[in-house]
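Me: I have a structure open and some labels to understand. Can you take my questions one by one?

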Amino acid sequence: MAASDEDFCRKESLISQPWRPFFINNKHFLVKSYFSNLSNAYEICISDFNKIWLEVSDQDTIKTRNKELNPNIEADVTYIVKHIKKNVEEQQQLTKYQMQENENDEKLVLHFKTTLQPGVMFTWDFHCSTEEQMISSSLLEPLVDMVAELQRRQTELQNLLEKKDLEISDYKASGVKLSHKRFETKTFDREAFNNKMVLSSGFGETVAKSKTLGFTEGLQELYKQVVIKRAWLQEKRLRETEVSEDSLLETAIGSGVPSSLFSDTASPNVSPQISPRKTPVPSPQKSSTENSPSKDRELQRREELRRKLEEEEERKKRKKKKIKL
């Protein structure tokens, strides 16, 4: 895949935004948001590590809600959106936050109250609905990827330490001495180091504070890079699959394979001369991907290749007739 394709995956969106830790109502939450400067709209996700809630609001919704919550404030919507963004990109010490969850209709309201200007109070409510499918794509899978990547980096660092020890040993063998005894270090032992970390007091402290320490600034950046890389790899696999299918069909045209073999209704395990026994089955509901532009392009491409096959067969028939005459 070209570099421009990976750059495309790096475009800002909600999925690529990192989670930020919030502590509200004596409970840990994660919040991620995306604000569009062009359309004055936003998307916000909130998680309590069990569920994910989402709200998507456009400019008109923001204007209407601002009139309801702040009837005495008249300000440009761009200014309002900028102030909202400030209070959810990071938990502000002077802002009062409150979460209200309604388990019956699976709704969550994030309410905050802050000062817009000296003496001018501003309140805002995010009305979010549950999005179960985002738990995997936005939380679980990226976190697993982060663990794997951090393990890879740790292994690389440990390998580097062992190489450094060999380099130091070579210096010592050549007669090089340290200028100060305090600079001397023990030879790195990978297994001993891992055992020491498990038994250290810091291990328990990290686990106890993982809902905060797991989303520090450095790890937020790693989360973003992991999500971008995952999107790029998925796009790459999709394109490689499409190219592979196209190559197969083009090869079939050259070898004179009957076009009926590539019919969408043909069964791959049944000979073309034998009609399989039909069993009535209820028609499944079409997924949203079946009506997607990529699906339409794929069907159009198959239709064009099928038409080429038929034209090739027709030309061969005409050639045979001429030979007989």
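Me: Which strand does Ser47 lie in?

Reply: Ser47 belongs to strand E3, residues 41-47. Strands are DSSP runs of E, at least two residues long, numbered from the N terminus. A note on sources: this is a predicted model, where local features need pLDDT of at least 70, side-chain atom pairs count only at pLDDT 80 or more, and totals for chains, interfaces and linings use all residues. Residues are numbered from 1 along each chain as its sequence is written, and side-chain values use heavy atoms, leaving out hydrogens and water.

Me: Why does Ser47 count as buried?

Reply: Buried means under 20% relative accessible area, exposed over 50%, partly exposed in between (1.4 Å probe, protein chains only). Ser47 has 0% relative accessibility, so Ser47 is buried.

Me: Why does Leu199 count as exposed?

Reply: Leu199 has 73% relative accessibility, so Leu199 counts as exposed.

Me: What makes the link from Ser47 to the backbone oxygen of Lys51 a polar contact?

Reply: A polar contact pairs N or O atoms within 3.5 Å; within protein, one must be able to donate a hydrogen and the other to accept it, and residues adjacent in sequence count only if both atoms are side-chain atoms. The Ser47 side chain reaches that Lys51 oxygen at 2.9 Å. Another polar atom pair joins the Ser47 side chain to the backbone nitrogen of Phe49, at 3.0 Å.

Me: How do you know that E3 and E4 pair?

Reply: Two strands pair if DSSP finds at least two bridges between them. E3 and E4 have six, and run antiparallel. Within E4, Val56 is the bridge partner of Glu43.

Me: Why is strand E4 called largely enclosed?

Reply: Five of the six residues of E4 (residues 52-57) are buried, so the rest of the structure largely encloses this strand.

Note on methods:
Helix = DSSP H or I, 4+ residues; strand = E, 2+ residues; numbered from the N terminus.
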